[in-house]
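Hi,

Here is the structure I promised to pass on. Have a look at it first, and then read on for what turned up.

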Amino acid sequence: HGESTARVVTCGSHPFAMLRANPSFHEFTGLNAETSYGSSLKLLHTYTTNSTVWEGCMSAATKSTETQACVITVQLCGGISEVVQMEVTAIAAGKELERRLLLVQFSKAPSFQTVQEVQANTSRGARAIVRLVNPQHITHVSAGWCAGFESDSKQFVGRSLKGLNGPATDQRIVQRMMKKVSRCLTAEETFVAYCLNGSMKLVNLRCRPLQSESGEVDHFCVDAVMSEVKTLRHAMSAPCEEPSLTVAVESRNILHASDAFLQMMNLDVKSLEDQSLTQFINDNL
């Protein structure tokens, strides 16, 4: 990264005192070296800053080799509030490189639509608007959302997205998605969800942050694309004219191959028994 990126190095533990910053950080925040050195990043707080979000991001970075990101509101020079994206990476320091410090980089966050703009345009597709703070209640749903999940708006508004969970829902996928959402980041995942009447749907959910008219990121929009869930028995018994494979999610083992696939690859069923998709690709493609 060039010097145009606002960067600061902090201690690796709460309250994350600032140790050193580049000129771009001082220019971006309006803090001079004397003021920032030894002070917590809380110095950038404004009344709309979500402490849980940025502190969780910082703490997660100390335990990971991957860069952690979040979007928060900070107060810059002149008392101006700005929505920024914060990226945090753990770095080693000290004589034995055992000391953990954090490199924090700030950049202007992408512009978000407002809650009012999205709510006024929910006529198309399956869409829900959800409050960002726990318990993350749904505040508005479109007609497409109600039709897709086979219920009316009264069954959704005031409740959380957890109502879509069921026995076949992969909670790890949901948690991965909601972790990004809680950090005000865009997230997209596909998993099995449930209508309130108990029927299953394969849903692709795309979540993106929304701002209030005051500029605070306090809601998120959920756009859903739904399809019927096919059981393994159905996939293996239904005639299929296209080349296709049915693969287990966890093991990636091949469970079934259509006749068209076997003919295309000049294979027989036994040659695919107990074979993983990765092994098949390496051996045949």
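Which residues have the most contacts inside the largest nonpolar core? They are Trp-145, Phe-149, Leu-161, Phe-191, Phe-220 and Val-222, in a core of 35 residues. Before I go on, bear in mind that this is a predicted model.

**Confidence and overall make-up**

The chain has a mean pLDDT of 86, with 89% of its residues at 70 or more. Strand S1 (residues 6–11) has the highest confidence, at a mean of 95, while helix H7 (residues 232–237) has the lowest, at 55. Where pLDDT is low, the coordinates should not be read in detail, so please keep that in mind when you get to H7, with its mean of 55.

DSSP-wise, you'll find 9 helices and 12 strands. Of the 285 residues, 42% are buried. Take the contacts between residues at least 6 apart in sequence: 42% of them join residues at least 24 apart.

**Back to the big core**

Several elements give two or more residues to the 35-residue core: S3, S6, S7, H5, H6, S8, S9 and S10. H6 supplies the largest share, with 5 residues. Leu-161 is a good place to start looking: setting aside neighbours within four places in sequence, Leu-161 is in contact with Val-130, Gln-136, Ile-138, Trp-145, Phe-220 and Val-222. There is also a second, separate core of 24 residues, and Leu-31, Trp-54, Val-88 and Phe-106 are among its members.

**The open sheet**

Five strands make an open, antiparallel sheet, in the order S7-S6-S10-S9-S8. Strands S7 (138–141) and S8 (187–194) are at the edges with a single partner strand each, so each has one side without a neighbour in the sheet. On average, neighbouring strands here are turned by 30° against each other, direction ignored.

Within that sheet, S6 (residues 126–131) and S10 (residues 217–228) run antiparallel and are joined by 6 bridges. If you want a specific spot to check, Arg-127 has Asp-223 in S10 as its bridge partner. Helix H6 lies across S8, S9 (200–211) and S10, and runs at about 140° to S8.

**A hairpin**

Strands S3 (residues 68–75) and S4 (residues 81–93) pair in the antiparallel sense over 8 bridges. One of the residues to look at is Val-71, whose bridge partner in S4 is Gln-85. The hairpin has 5 residues between the strands, and Gly-78 takes a positive phi near 80° there.

**Aromatic pairs**

The count of aromatic pairs comes to 5. Two of them caught my eye.

For Phe-25 and Phe-106, the ring centres are 6.0 Å apart and the planes are at 40°, so this pair is tilted. The two sit in distant parts of the chain, 81 residues apart: Phe-25 belongs to helix H1 (residues 23–29) and Phe-106 to strand S5 (residues 99–108). Both Phe-25 and Phe-106 are buried, and Phe-106 is also included in the second core.

Trp-145 and Phe-156 make an edge-to-face pair, 6.3 Å centre to centre with 85° between the planes. Trp-145 is in helix H5 (residues 143–148) and Phe-156 in the loop between H5 and helix H6 (171–182), so the pair ties together parts 11 residues apart in sequence. Are these two buried or exposed? Trp-145 has a relative accessible area of 0% and is buried, and Phe-156, at 4%, counts as buried as well. Together with Phe-149, Trp-145 and Phe-156 form one aromatic cluster.

**One more residue in that loop**

Ser-160 is also placed in the loop between H5 and H6. With 23% relative accessibility, Ser-160 counts as partly exposed. What does Ser-160 touch, not counting residues up to four places away in sequence? The answer is Pro-135, Gln-136, His-137 and Ile-138. In the case of His-137, the C-alpha atoms are 4.6 Å apart, although 23 residues separate His-137 from Ser-160 in sequence. Gln-136 and Ile-138 turn up again among the contacts of Leu-161.

Let me know what you make of it.

Cheers

Notes. Residues numbered from 1 in each chain as written. Predicted model: local features only at pLDDT ≥ 70, side-chain atom pairs only at ≥ 80, totals over all residues. Heavy atoms only, no water. pLDDT = per-residue confidence, 0-100. Helix = DSSP H or I, 4+ residues; strand = E, 2+ residues; numbered from the N terminus. Phe/Tyr/Trp six-rings, centres within 6.5 Å; stacked < 30°, edge-to-face > 60°. Buried < 20%, exposed > 50% of the residue type's maximum accessible area, 1.4 Å probe, protein only. Pairing = 2+ DSSP bridges. Axes fitted to C-alpha atoms, helices over the stretch in contact; angles between N-to-C directions. Contact = heavy atoms within 4.5 Å. Core = buried A, V, L, I, M, F, W, Y, C linked by side-chain atoms within 4.5 Å.
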